[in-house]
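Me: I would like to go through this model term by term and ask what stands behind each label. Please set each value against its cut-off where one is needed.

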Amino acid sequence: MEKTALGPTTYLCPMPAVLIGAMVDDRPNYMVAAYCGLVQHDPPMIALSLAKTHYTNAGIRKSGAFSVNVATPELAERLDHCGIVSGRTDDKSGCFTAFYGSLGNAPMAAECPLNLECRLIQIVDFLGTNELFIAEIVGTYVNSDLVTDGHIDVARLDPLIFTVPDSMYRRIGDIVGRAWHIGRCTGPPTG
Ligand SMILES: Cc1cc2nc3c(=O)[nH]c(=O)nc-3n(C[C@H](O)[C@H](O)[C@H](O)COP(=O)(O)O)c2cc1C
């Protein structure tokens with residue numbers, strides 16, 4: 001297949017579109033992040049790349065905590081609103097219902113079916129537009145009706161995802177195969 005070179009891009013596809021919760025100026029504030037990903041399995045750690053201009057950043061710095069909330073397609077409009085307006089000018093504390101875990105200062109959004117409670121470990125300054133918040137995931141909360149045998153039923157979770165460059169919210173589709181399983185064969189796969 002012939003390739004078209006597009007130069008440097010951020011076309012990692014798909015991306016998450018998670019809701020970040022943090023205490024800022026003594027109230028919960030929510031924003032959207034697509035630049036968010038796991039960085040270690042054990043202990044579980046996650047990183048969040050935020051533009052330095054955001055209101056959220058100072059709150060995470062001060063409290064040392066934040067939450068990562070996985071939304072559903074039904075919550076897309078509410079989530080998008082939090083990714084458009086800033087808590088500096090608009091009070092977003094009422095956009096979602098905050099609940100708290102063991103840290104006590106990482107507001108999690110009750111309407112989102114999956115919530116990760118995170119304790120800040122380190123901030124990395126890229127000397128550019130963004131800074132990276134690296135955190136340990138100290139708690140996981142999930143709607144009980146989505147738990148089967150102690151695990152999340154991902155098909156019923158229906159997590160909201162995001163694609164660039166079309167800037168679209170989407171949902172995940174069909175199962176392709178079981179990971180660490182379908183590639184088991186004796187020679188190089190041809191299919
Ligand atoms: C789909 C989507 C993805 C976004 N991803 C990021 C991101 O990864 N990092 C970031 O700094 N801002 C991201 N934003 C922008 C912030 O969510 C937005 O500027 C927000 O209003 C900041 O809120 P705050 O000023 O209250 O902190 C995203 C917005 C949308 C709509």
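Reply: Let us begin with the ligand: the largest share of the shell around it, 4 residues, comes from β3. Please keep in mind throughout that this is a predicted model.

Me: What makes a residue part of that shell, and which residues are the closest?

Reply: A residue is counted when one of its heavy atoms lies within 4 Å of the ligand. By that criterion 22 residues surround the ligand, and the closest are Val32, Ala51, Thr56, Ser86 and Gly87.

Me: What makes the approach of Val32, His54 and Gly87 to the ligand a polar contact?

Reply: The cut-off for a pair of N or O atoms is 3.5 Å. A backbone N or O atom of Val32 lies 2.8 Å from an oxygen atom of the ligand, a polar side-chain atom of His54 lies 2.9 Å from a ligand oxygen, and for Gly87 a backbone N or O atom is found 2.7 Å from an oxygen atom of the ligand. Each of these distances is within 3.5 Å, so each pair counts as a polar contact. Taken alone the ligand exposes 650 Å², of which the protein buries 85%. The elements that give two or more residues to the shell are β3, β5 and α2, the last of these spanning residues 76-82.

Me: Where does Ala51 lie, and which residues is it in contact with, leaving aside its neighbours within four places in sequence?

Reply: Ala51 has its place in strand β5. With those sequence neighbours left aside, Ala51 is in contact with Asn57, Thr129 and Asn130, where contact requires heavy atoms within 4.5 Å. Ala51 and Glu131 are 80 residues apart in sequence, yet their C-alpha atoms are 6.4 Å apart in space.

Me: How do you know that β5 and β10 are paired strands?

Reply: Pairing asks for at least two bridges between two strands. There are 7 bridges joining β5 (residues 45-51) to β10 (residues 130-142), so the two count as paired, and they run antiparallel. Within this pair, Leu48 stands opposite Phe133 in β10.

Me: Why are β3 and β4 described as standing at the edges of the sheet?

Reply: The open sheet has 7 strands in the order β3-β2-β6-β9-β10-β5-β4, with antiparallel pairing. β3 (27-33) and β4 (36-40) each have a single partner strand, so one side of each is left without a neighbour in the sheet. Neighbouring strands of this sheet are turned by 35° against each other on average, with direction ignored.

Me: Why is β2 called largely enclosed, and how is it joined to β3 and β6?

Reply: A residue is buried when its relative accessible area is under 20%. In β2, 6 of the 7 residues are buried, so the strand is largely enclosed by the rest of the structure. On one pairing, 7 bridges join β2 to β3 in antiparallel fashion, with Met31 in β3 as the bridge partner of Ile20. On the other, β2 and β6 pair in the antiparallel sense over 3 bridges, and here Asn69 in β6 is the bridge partner of Leu19. Helix α1 (residues 56-63) lies across several strands, including β2, and runs at about 65° to β2.

Me: Why are Asp25 and Asp149 singled out, and are they buried or exposed?

Reply: Most residues other than glycine have a negative phi. Asp25, although not a glycine, has a positive phi of about 50°, and it sits in the hairpin of β2 and β3, which has 2 residues between the strands. Phi of Asp149 is likewise positive, near 50°, and this residue is found in the loop between β11 (147-148) and β12 (151-152). The cut-off for exposed is over 50% relative accessible area. Asp25, at 60%, therefore counts as exposed, and Asp149, at 75%, counts as exposed too.

Me: What makes the peptide bonds before Pro43 and Pro165 worth a remark?

Reply: Most peptide bonds are trans. The bond from Asp42 to Pro43 is cis, with omega near 0°, and Pro43 lies in the loop between β4 and β5. The bond from Val164 to Pro165 is also cis, with omega near 10°, and Pro165 is found in the loop between β13 (160-163) and β14 (168-171).

Terms used:
Residues numbered from 1 in each chain as written. Predicted model: local features only at pLDDT ≥ 70, side-chain atom pairs only at ≥ 80, totals over all residues. Heavy atoms only, no water. Axes fitted to C-alpha atoms, helices over the stretch in contact; angles between N-to-C directions. Buried < 20%, exposed > 50% of the residue type's maximum accessible area, 1.4 Å probe, protein only. Polar contact = N/O pair within 3.5 Å; in protein donor to acceptor, adjacent residues only side chain to side chain. Areas by Shrake-Rupley, 256 points an atom, 1.4 Å probe, with all protein chains shown as cover.
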